[in-house]
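Let's take a walk through a protein model together. Have a look at the sequence and the structure first, and then read on.

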Amino acid sequence: VRSAKEADMRVWERWLGETLWCWTWATAAVVTGILNGLFIPNEFIRINLKWWILEVKWSWKIKDPIFMKGPAEIVYEWVYYI
């Protein structure tokens with residue numbers, strides 16, 4: 001945690017090694033940080049991942065949505081033959 005609005009994060013996946021980004025775990029980190037008083041609720045929290053920066057916002061109310069802002073890019077292409 002760098003501040004009440006920013007943190008660095010790295011994710012290690014079993015059998016694969018370090019991942020370049022993981023929006024699911026970044027969101028979980030922000031929710032956990034808000035619940036533990038490390039981040040400011042209802043503000044966009046900047047999570048610095050290995051390749052991307054994701055911003056996550058949650059109000060601290062259980063039924064409220066979680067918002068994410070970040071890049072949307074094609075990272076893989078593949079062909080499936082039948």
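The paragraphs below go from the whole chain to its helix, and then to a few residues in the loops and strands.

This is a predicted model, in which local features need pLDDT of at least 70 and side-chain atom pairs count only at pLDDT 80 or more, while totals for chains, interfaces and linings use all residues. Residues are numbered from 1 along each chain as its sequence is written, and side-chain values use heavy atoms, with hydrogens and water left out.

Let's begin with the overall layout. The protein chain has one helix and six strands; here helices (H or I, at least four residues) and strands (E, at least two) are DSSP runs, numbered from the N terminus. Following the sequence, you meet them in the pattern β-β-β-α-β-β-β. If you draw a box along the principal axes, the C-alpha atoms fill roughly 50 × 25 × 20 Å.

How much of the chain is buried? Of its 82 residues, 27% count as buried, where buried means under 20% relative accessible area, exposed means over 50%, and partly exposed lies in between (1.4 Å probe, protein chains only). The chain exposes about 6600 Å², and carbon and sulfur atoms supply 58% of that area. Accessible areas come from the Shrake-Rupley method with a 1.4 Å probe, and for residues only the protein chains shown count as cover.

Contacts tell you how the chain comes together. A contact means heavy atoms within 4.5 Å. Among the contacts with a separation of 6 or more, residues 24 or more positions apart account for 46%. The chain also has 10 positive and 9 negative charges, and the mean positions of the two sets are 6 Å apart. In this count Lys and Arg are positive and Asp and Glu are negative, with His and the chain ends not counted; the place of a charge is taken as NZ of Lys, CZ of Arg, CG of Asp or CD of Glu.

Now find the helix, α1, at residues 23-35. Its 13 residues reach 18 Å from the first C-alpha to the last, close to the 18 Å expected at 1.5 Å a residue. That expected span is 1.5 Å times one less than the number of residues.

Which residues of α1 are buried? They are A26, T27, V30, V31, G33 and I34. These residues cover an arc of only 165° around the axis, which puts them on the same side of α1; the arc is that of the directions from the helix axis to the C-beta atoms. The buried residues pack against β4 (45-48), β5 (53-57) and β6 (67-69). On the face turned away from this buried side, α1 carries the exposed residues T24 and W25.

Just beyond the helix, α1 is followed by G37, whose phi is positive, near 80°. Most residues other than glycine have a negative phi. With that in mind, look at N42, which has a positive phi near 65°. N42 lies in the loop between α1 and β4 and counts as partly exposed, at 43% relative accessibility. W60 has a positive phi too, near 90°. You will find W60 in the loop between β5 and β6, partly exposed with a relative accessible area of 48%.

The loop between α1 and β4 also holds L38, which is partly exposed at 46%. Leaving out residues up to four places away in sequence, L38 touches V1, S3, A4 and G33. L38 and S3 are 35 residues apart along the chain, yet their C-alpha atoms are separated by 8.0 Å. E43 lies in that loop as well, and its contacts beyond four places in sequence are with K5, V56 and K57.

Next, step into strand β4, where R46 lies. R46 is partly exposed, at 35% relative accessibility. Apart from residues up to four places away, R46 touches K5, E6, A7, I53, L54 and E55.

Finish with P65, in the loop between β5 and β6. P65 touches K57 and W58, again not counting residues up to four places away. The C-alpha atoms of P65 and R10, 55 residues apart along the chain, are separated by 24 Å.
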